[in-house]
Amino acid sequence: MKRLFYVICIITLTLVFSGCQDNEKKVEDKNTLTVGMELAYPPFEMSDQKGNPTGISVDFAKMLARSMNKELKIENIAWDGLIPSLKTGKIDMIISSMTITDERKESINFSIPYAKTSLAILANKNSDIKTIDDLNQKSKTVAVKKGSTGHLYAKEHLKNANILVFDKESACVLEVVQGKADGFLYDQLTIYRNNVKHKDTTVALLKPFQKNFEYWGVALRKGDTDLKEKVDEFIKKAKDDGTFDDFAYKYLEDAKKTFDSLNIPFFF
């Protein structure tokens, strides 16, 4: 009987202790905002020299977490893994310069837009590319990043071109720099930034060629309505009080001057 009593006591204590651990984990999760982003898109998502997350999206996430009285945890996830990580609950949201598209909205939700952009072309300096129509020829090769809106656009609108799909932006840029591709389709800021790096071999065609702008939003799980309300409220406030303008001047001053000189609408 004593042995049975001790066994029952041990089982009971184990269950109680496990329950406490679960409760602690739930409290910890409740007080932490876990944000997924791919730290490979400066100056929005990147790492500093010590490997710490930094950039516009990181500042954005920090301020958002602070407004919700939560600790921030950033998960660096490859682009293709961001939406699956969100849907399986590994992260609470995605802040990674993600364009709001009808296709993505079939499986996830988005906040109101916080930035707008359009596709642009990084062309090889020795090519004769002047417009998007110049790329839509059988003799032309276009580099795109897998799953990006540039990839989607090329599949739908550049059916005559040879399309090369890569996992990384840097690989697409290298194809253009080496003359293996005539152009690379990506957002305007990426094209501007890579043209600055490769002035001798590339040309940036920054003026929009799409009918509509692309809008970036915070990606959320369907059903997380309370969280969406809080994120939307923060974005509205950040637009009104100049927070996003501060981001632009901190990280994008030179780019903004270039866009303004070309009379091209800027991100914020």
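Domain bounds here come from an automatic or database domain assignment. The model is predicted.

**Exercise 1. The pocket shared by two domains**

Task: Find which domains line the second largest pocket, and which helices contribute to it.

Solution.
- Start with the space. The second largest pocket holds about 290 Å³.
- Check the domains. Domain 1 (32–117 + 215–262) and domain 2 (119–205) each give at least three residues to the lining.
- Look at some of the residues. Among them are Trp79, Met98, Arg104, His151 and Lys155.
- Turn to the helices. H3, H4 and H5 each supply at least two lining residues. The largest share, four residues, comes from H3.
- Sort the lining by class. It has five nonpolar, three polar and four charged residues.

**Exercise 2. The largest pocket**

Task: Work out where the largest pocket lies relative to the two domains.

Solution.
- The largest pocket contains about 490 Å³ of space.
- It has 16 lining residues, and those closest to its centre are Tyr153, Glu156, His157, Gln210 and Glu214.
- Helix H4 (102–105) and H5 each provide at least two residues of this lining. H5 gives the largest share, five residues.
- Domain 1 (32–117 + 215–262) and domain 2 (119–205) both contribute to the lining, so the largest pocket lies between them.
- By class, the lining of the largest pocket has five nonpolar, six polar and five charged residues.

**Exercise 3. The enclosed space**

Task: Describe the largest cavity and the residues around it.

Solution.
- Count first. The structure has one cavity of 30 Å³ or more.
- The volume of the largest cavity is about 230 Å³. Of its 21 lining residues, Trp79, Ser97, Ser148, Tyr186 and Asp187 are the closest to the centre.
- Find the elements. Helix H5 (149–157), strand S11 (183–187) and strand S13 (214–216) each supply at least two residues.
- Sort by class. The lining has six nonpolar, eight polar and seven charged residues.
- Compare with Exercise 1. Trp79 lines the second largest pocket, and Trp79 is also among the residues closest to the centre of the largest cavity.

**Exercise 4. The open sheet**

Task: Which strands stand at the edges of the five-stranded sheet, and what does that leave?

Solution.
- Write the order: S4-S1-S5-S14-S6, an open sheet with mixed pairing.
- Read off the ends. Strand S4 (71–76) and strand S6 (109–110) each have a single partner strand, so one side of each lacks a neighbour in the sheet.
- Follow one pair. Strand S1 (residues 32–37) runs parallel to S4, with six bridges between them.
- Pick one bridge. Leu33 is partnered with Leu72 in S4.

**Exercise 5. Salt bridges across the chain**

Task: Take three of the salt bridges and locate their partners.

Solution.
- The whole structure has twelve salt bridges.
- Lys250 and Asp59 form one, with the closest N and O atoms 3.0 Å apart. Lys250 is in helix H9 (residues 243–251) and Asp59 in helix H2 (residues 56–67), so the pair ties together parts 191 residues apart in sequence.
- Apply the cut-offs: buried is under 20%, exposed over 50%. Lys250 is exposed at 55%, whereas Asp59 is buried at 14%.
- Arg221 and Asp92 meet at 4.0 Å, N to O. They sit in loops and are 129 residues apart. Asp92, Arg221 and Asp224 are linked in a network.
- Asp128 and Lys140 come to 2.9 Å. Both lie in the loop between S8 and S9, so the pair ties together parts twelve residues apart in sequence. Asp128 is partly exposed at 48%, and Lys140 is buried at 11%.

How values were computed:
Residues are numbered from 1 along each chain as its sequence is written. This is a predicted model: local features need pLDDT of at least 70, side-chain atom pairs count only at pLDDT 80 or more; totals for chains, interfaces and linings use all residues. Side-chain values use heavy atoms; hydrogens and water are left out. Two strands pair if DSSP finds at least two bridges between them. A salt bridge is a side-chain nitrogen of Lys or Arg within 4 Å of a carboxyl oxygen of Asp or Glu. Buried means under 20% relative accessible area, exposed over 50%, partly exposed in between (1.4 Å probe, protein chains only). On a 1 Å grid over the protein atoms alone, a cavity is a set of points where a 1.4 Å probe fits but cannot get out, and a pocket is an open set with protein on both sides within 12 Å along at least five of seven lines; lining residues have an atom within 4 Å of a point. Grid points are joined across faces, edges and corners, and a volume is the space filled by probe spheres set on the points. Ala, Val, Leu, Ile, Met, Phe, Trp, Tyr, Cys and Pro count as nonpolar, Asp, Glu, Lys and Arg as charged, and the others, Gly among them, as polar.
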